[in-house]
There are 2 protein chains.
Amino acid sequence: MKGIGNMKEKIIETSIELFDRKGFKETSVQEIVEAIGVTKGAFYYYFKSKEELLKDICISYIEDLLEQQQRILQDSEKSCTKKLYEIVYMLIRNIKARRKSARIFFREMRHLHEDHLQEIKAKRRVFRQHYQQLIEAGIARGEFKPTLTPDMITFGILGITNWSYYWFQPDGEISEEALTDIYVDLILNGIKNRESLKEK
Amino acid sequence: MKGIGNMKEKIIETSIELFDRKGFKETSVQEIVEAIGVTKGAFYYYFKSKEELLKDICISYIEDLLEQQQRILQDSEKSCTKKLYEIVYMLIRNIKARRKSARIFFREMRHLHEDHLQEIKAKRRVFRQHYQQLIEAGIARGEFKPTLTPDMITFGILGITNWSYYWFQPDGEISEEALTDIYVDLILNGIKNRESLKEK
C-alpha cells in the first residue's frame, strides 16, 4: 500500500528536519506528529520509540553510502585513481540529498542505545576499511606512492569530504563537479609547486 | 584571589566534561554545581546563564586557536610551507588538551543565542581567512601551485585536521609529530606515485 509507505517516509523526513534544526533530545514525538498532522498512534505504529527512529535514520544513511561505494569498487575495469575520484564525487554529490541526515548521523549518534551504536559504528568502519583497501590496492598497482600510511591517509581523505558537509552549498558558486576536481587534485598531487622548484 | 579564579575554572572544566558527555541541553546547572559540590549561587556569581557559559567555552576555544595561529603567521623569516606545517602541527597537538572543547564547539554552537553565534562565527571566519591568506602568499611566492583555488583548498586542508578530532588518539600508536608529517606530505605532495609514472 502506497499510503502506508508514504506515512512512514513522511515521519522520517519530518523527523530529519526537526532533529537537524532542534536536536534529537529537544524534539518530542508529540512535535513530530503535530508537524505532520497525525496522532501519536501513527508514529508508534511504525517506530517502537524515538530512539528507534534515530537508529533507522542513521542506518539508512550509512547503508546507502556503503551500497554506492560498493558499486564503485566492484568495477574491475577501472583504475584505483578513477575509483577514488568516483568515491569523492559520490560523497560530495550526496550532500545535496543527505546533508541533514549526515549531520544527524555525526551529531546525534551518541544518543543511540549501545547495541544500535555498535551496529552503526561497525558499518561506518566497513566504509572506512573499503576506502583503505582501495588505497592499498592503488599502492600495489603502482598508482599511489609505496611510502604511504594507508590508514592515516584514509582518515585524511575522509576528512576532506566529510568536512564539506558543514560548509559546501550545492547550489552555490562552485559546482559539485568542480569541487570534486579540486579535491581529487589535492589528494593526488598536493599543493606544492613542483614547476617552480625545477626552475631553481 | 586565586580561590575565585579556581572556582570559575572548575565550573568551566566540569561543564566541558558534562556538555561533551551528555550534551549541552541535557546538562542542567543543578548537575554542574552538584558535580563540583557548590551551590547554584556560586554558578550564577560567574555566569548569567548556562548559555553564557557555553559562549565562554566556545570563545575561549577559538580565541586560543587564533592566537596560536597568529604567532605562527607573523614570523617573517619562515616560508609559507613551514608555516603550513606549524599550523597543522598546532591543530593536531591541540587535540590532546582541547578535544572536548572542540567537540562542544562544533556540536553545541547551534544552541547559542544569535548574537553570540555571530560573534563566534566571525572569529572562526578570521581563522579560515588567515589560513587562506597563507595559501595565497605561498602561491605568490611560488611555493604553492599558481592554479590552486585558495578558498576551496583551505576548506579541504581544514577538513583533514578538523576531522582528526573525531578519531585521533594522542596517546595511541601514532604520535602527533608522525601524523603531522603524514598530513603535511599529503597536502604538499599528494598520494600519486610519480616515480612509477616516470618509469613507464
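So, a salt bridge here is a side-chain nitrogen of Lys or Arg within 4 Å of a carboxyl oxygen of Asp or Glu. Keep that in mind, because A:Arg110 and B:Glu108 make one, with their closest N and O atoms 3.7 Å apart, inside that 4 Å limit. I'll come back to that pair. One thing to say up front: what you're looking at is a predicted model.

Okay, let's begin with one chain. Chain A has nine helices and zero strands. If you walk along from the N terminus, the elements read α-α-α-α-α-α-α-α-α. Put a box around the C-alpha atoms of chain A, along the principal axes, and you get roughly 70 × 35 × 30 Å.

Now, the domains. Chain A is split into domain 1, residues 1-47, and domain 2, residues 50-199. Their C-alpha centres are 29 Å apart. How many residues of each are in contact with the other domain? On the domain 1 side there are 17, and on the domain 2 side 14. Together the two domains of chain A bury about 1400 Å², and 66% of that is on carbon and sulfur atoms. Three residues stand out on the domain 1 side: A:Ile16, A:Asp20 and A:Phe24 supply 46% of the area that domain 1 buries against domain 2, more than any other three residues.

What about salt bridges between these domains? The count between domain 1 and domain 2 of chain A is three. You can also look at A:Asp20 again, since its side chain meets that of A:Arg107 in a salt bridge, at 3.2 Å from N to O. Then there are six residue pairs in polar contact between the domains, both residues at pLDDT 80 or more.

Which helices does domain 1 use to touch domain 2? In chain A, α1 (2-22), α2 (29-36) and α3 (40-46) each give at least two residues to that side. Helix α1(A) gives the most, with eight residues. By class, that side of domain 1 of chain A comes out as ten nonpolar, three polar and four charged residues.

A quick stop inside chain A before we get to the pair of chains. Find A:His130, in helix α6, residues 114-140 of chain A. Setting aside its neighbours within four places in sequence, A:His130 is in contact with A:Gln69, A:Gln70 and A:Leu73. With A:Gln70 there's a side-chain to side-chain polar contact, at 3.5 Å. And here's another distance for you: A:Thr154 is 24 residues away from A:His130 along the chain, and their C-alpha atoms are separated by 9.7 Å.

Right, on to the two chains together. The size of an interface is often given as the accessible area lost when the parts come together. For chain B and chain A that comes to about 4100 Å², 62% of it on carbon and sulfur atoms. On the chain B side, B:Arg110, B:Trp163 and B:Ile191 lose the most area to chain A, together 19% of what that side buries. In residue terms, 46 residues of chain B are in contact with 46 residues of chain A.

Back to the salt bridges, as promised. Across this interface the rule finds two, and the A:Arg110 to B:Glu108 pair I opened with is one that joins the two chains. There are also 20 residue pairs in polar contact across the interface of chain B and chain A, both residues at pLDDT 80 or more.

So where on chain B does the touching side come from? The elements that give two or more residues are α1 (2-22), α5 (80-108), α7 (150-167), α8 (176-189) and α9 (194-199) of chain B. The largest share, eleven residues, belongs to α7(B). Sort that side of chain B by class and you have 23 nonpolar, eleven polar and twelve charged residues.

Last topic, symmetry. A rotation of 180 degrees, with 0.0 Å of shift along its axis, superposes chain B on chain A, with an RMSD of 0.0 Å. The two copies are therefore related as by a two-fold rotation axis. Which C-alpha of chain B is nearest that axis? That would be the one of B:Gly190, 2.1 Å from the axis. And 100% of the interface residues of chain B are also interface residues in chain A, so the copies meet through the same surface.

Conventions
Residues numbered from 1 in each chain as written. Chains lettered and ligands numbered in written order. Heavy atoms only, no water. Contact = heavy atoms within 4.5 Å. Buried area = accessible area lost by both parts, 1.4 Å probe. Polar contact = N/O pair within 3.5 Å; in protein donor to acceptor, adjacent residues only side chain to side chain. Helix = DSSP H or I, 4+ residues; strand = E, 2+ residues; numbered from the N terminus. Nonpolar A, V, L, I, M, F, W, Y, C, P; charged D, E, K, R; others polar. Least-squares fit on C-alpha atoms with pLDDT ≥ 70 in both. Domains from an automatic or database assignment.
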